[in-house]
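Me: I have a new structure open and would like to learn how to read it. Could you walk me through a few features?

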Amino acid sequence: MAAAPQAPGRGSVRKTRPLTVKTSLNNPYSICWSVLEREHMHFILQTLEDRFKSLGLRKMEDKKKKRKQFLKEPSPDGCGTEVEKSEGPKEKPPEGSEQGSGWTPVDVRKQLAIGINEVTRALERNGLLLVLVCRSAKPAILTSHLIQLSLSRAVPACQVPRLSERLAPVIGLKCVLALGFKKTTTAFDAEVRAIIPRVPSLHVPWLQGRPEDSGASLDTASSESRDREVLDTSFEDLSKQKRKLVGSQQAVVLQPLKIKKLIPNPNKIRKPPKGKKTTSK
């Protein structure tokens, strides 16, 4: 056997560093967006573009914010010093003359979820009716999580080519990678109803298909009566009933997770605090 490597000038054996191991899970399924027909794509883009223009929804920027210029002025010692100079004296504009930065109709903006992060948060709270994603979002993993999330909430969603190219200049943004319409929307009610039938259905192997009506919700009274019947039935009947429910139920209902007790890992090696130094005898 080969001897372990020793440190130069010392008689002690070097301690080998433990190998860092990372656990990764691979998905055997390939999940992708359903293909949107070309006619439906032009209809969706034209409908939303006309509606945004009629409402006047746009993000305005305050043009009177002037950048400070750093100029070098010679000092009496001959050394250059940086001096801040503004282009002119600051004057308060008269009230009501110009609008500041922000969205013009604030109430209309609150009815939308713009951007990947905002759409994701709204979907997690189950507050959207429709989700549109731009096809130009790269890498594709930026928007791939919205497929499972929208299908689990029974929200119709699709990938629309040139969504950012057509809608971003209209509302005064650089890009629009994701767009969601909230359930409280009133300004886009007719547009959402016209777009939903044209949205192709999503396919995820471990989730059921979405219902045709996105606004349909499960009745609480029927669910309570169903639970009572389940309690009265035997185990064999319960298994049969569960199979029937899985085959017939289309929407996925997520139950809240309740944590009863947290148990620390006894095998975890804890490092001593930095303030206390161990003394070697």
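Me: Let's begin with helix 5. Which residues of helix 5 are buried?
Reply: Keep in mind that this is a predicted model. Helix 5 covers residues 163-171, and its buried residues are Leu163, Ser164, Leu167, Ala168, Val170 and Ile171. Looking down the axis of helix 5, you find these buried residues within an arc of 165°, so they line one face of the helix.

Me: Which exposed residues sit on the face of helix 5 turned away from its buried side?
Reply: That face carries Glu165 and Pro169, both exposed.

Me: And what comes just after helix 5?
Reply: There you meet Gly172, which has a positive phi of about 80°.

Me: How do I describe two helices that pack together?
Reply: Two packed helices are described by the angle between their axes and the distance between the axes. Try this on helix 1, residues 38-55, and helix 5: they pack at an angle of about 5°, and their axes are 10 Å apart. An angle under 35 degrees counts as roughly parallel, and helix 1 and helix 5 are therefore roughly parallel to each other.

Me: Which residues make that contact?
Reply: From helix 1 come Leu45, Gln46, Leu48, Glu49, Phe52 and Lys53. Helix 5 brings Leu163, Arg166, Leu167, Val170 and Ile171. Sorted by class, the contact of helix 1 with helix 5 has 7 nonpolar, 1 polar and 3 charged residues.

Me: Now a single residue, please. Is Val192 buried or exposed?
Reply: Val192 belongs to helix 6, residues 189-195. Its relative accessible area is 4%. Buried means under 20%, so Val192 is buried.

Me: Which residues does Val192 touch, leaving out those up to four places away in sequence?
Reply: Val192 touches Leu129, Leu130 and Phe181. Take Leu129 as an example: Val192 and Leu129 are 63 residues apart in sequence, yet 7.8 Å apart in space from C-alpha to C-alpha.

Me: How can I step back and see the whole chain?
Reply: Start with the elements: the protein chain has 8 helices and 8 strands. Next, look at burial: 27% of its 281 residues count as buried. For contacts, consider pairs of residues at least 6 apart in sequence; 78% of these contacts join residues at least 24 apart.

Me: What about the surface?
Reply: The protein chain exposes about 22,400 Å², and carbon and sulfur atoms supply 52% of that area.

Conventions:
Residues numbered from 1 in each chain as written. Predicted model: local features only at pLDDT ≥ 70, side-chain atom pairs only at ≥ 80, totals over all residues. Heavy atoms only, no water. Buried < 20%, exposed > 50% of the residue type's maximum accessible area, 1.4 Å probe, protein only. Helix = DSSP H or I, 4+ residues; strand = E, 2+ residues; numbered from the N terminus. Arc of directions from axis to C-beta. Contact = heavy atoms within 4.5 Å. Areas by Shrake-Rupley, 256 points an atom, 1.4 Å probe, with all protein chains shown as cover. Axes fitted to C-alpha atoms, helices over the stretch in contact; angles between N-to-C directions. Parallel < 35°, antiparallel > 145°, perpendicular 65-115°, else oblique. Nonpolar A, V, L, I, M, F, W, Y, C, P; charged D, E, K, R; others polar.
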